[in-house]
Amino acid sequence: MEEFGCVRILVLLISAITLGSCVNIEDCGSKIGNFSNVAVTNCDHSPVCILRRNTNVTIQFDFTPHTNIQKVKSVVHGIEMGIPIPFPFPDADACSHGLNCPLFKGKTYSYRATLQVLKKYPRVRVQVKWELKNEDKRDIACLLIPAQIK
Ligand SMILES: *[C@@H]1O[C@H](CO)[C@@H](O)[C@H](O)[C@H]1NC(C)=O
Ligand SMILES: *[C@@H]1O[C@H](CO)[C@@H](O)[C@H](O)[C@H]1NC(C)=O
């Protein structure tokens, strides 16, 4: 769990202090839910999360829907120089990958997913935009994670 430490601490202190060496994960427009306790592999000791090619990166966080939800789809983009590029993510149907759907308003759920960082990806700085969308394509959670593919 040690590798997750820095992100956790930052989330707690996010508005109070600038921690130069930590990753600042932003809310990019969660509409019908909120999230907390974000943890991403290899996100400590650096201002960005390091996505090593040929490895799998795990992202996890807790979220609470503000409405009842039937279906949850994970939508992942890498934003490079302002342009969102879809990240291939085969486990997009979150209800068949860990979540017990339907989800209920006001209840807190844990989300966990594994992203494959393929060898063919370019070594670039990207912002990973990770969204959970409901059946009406509204954002339950939207996370923006600064990252570097290495
Ligand atoms: C990453 O995950 C994929 C799919 O689950 C698996 O096939 C692969 O062996 C994993 N790679 C590593 C480096 O763990
Ligand atoms: C979402 O917000 C509610 C109300 O502010 C809070 O009680 C809850 O802990 C938050 N959920 C998460 C997962 O952060």
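In this predicted model, the largest nonpolar core has 32 residues. Val-40, Phe-63, Leu-143 and Ile-145 are the residues with the most contacts inside this core. Two or more core residues come from each of E2, strand E3 (49-51), E4, E7, strand E8 (125-133) and strand E9 (139-149). E9 gives the largest share, 6 residues. In soluble globular proteins, nonpolar side chains tend to be buried together.

Three of the strands that contribute to the core also form a sheet. This sheet is open, with the order E2-E4-E7 and antiparallel pairing. E2 and E7 are its edge strands, each pairing on one side only. On average, neighbouring strands of the sheet are turned by 25° against each other, direction ignored. Between E4 and E7, the antiparallel pairing runs over 9 bridges. One of the bridge partners is Ser-110 in E7, which pairs with Asp-62.

The strands of the sheet have these residue ranges:

| Strand | Residues |
|---|---|
| E2 | 33-40 |
| E4 | 55-65 |
| E7 | 109-117 |

Ligand 2 is surrounded by Asn-34, Phe-35, Ser-36, Asp-62, Phe-63, Thr-64 and Thr-108. E2 and E4 are the elements that give two or more residues to this shell. By class, the shell holds 2 nonpolar, 4 polar and 1 charged residues.

Two residues of the shell also appear in the descriptions above. Phe-63 lies around ligand 2 and is among the residues with the most contacts inside the largest nonpolar core. Asp-62, also around ligand 2, has Ser-110 of E7 as its bridge partner.

Definitions and conventions
Residues numbered from 1 in each chain as written. Chains lettered and ligands numbered in written order. Predicted model: local features only at pLDDT ≥ 70, side-chain atom pairs only at ≥ 80, totals over all residues. Near = placed C-beta within 6 Å. Helix = DSSP H or I, 4+ residues; strand = E, 2+ residues; numbered from the N terminus. Nonpolar A, V, L, I, M, F, W, Y, C, P; charged D, E, K, R; others polar. Pairing = 2+ DSSP bridges. Axes fitted to C-alpha atoms, helices over the stretch in contact; angles between N-to-C directions. Core = buried A, V, L, I, M, F, W, Y, C linked by C-beta atoms within 7 Å. Buried ≥ 20, exposed ≤ 12 C-beta atoms within 10 Å, placed from the backbone.
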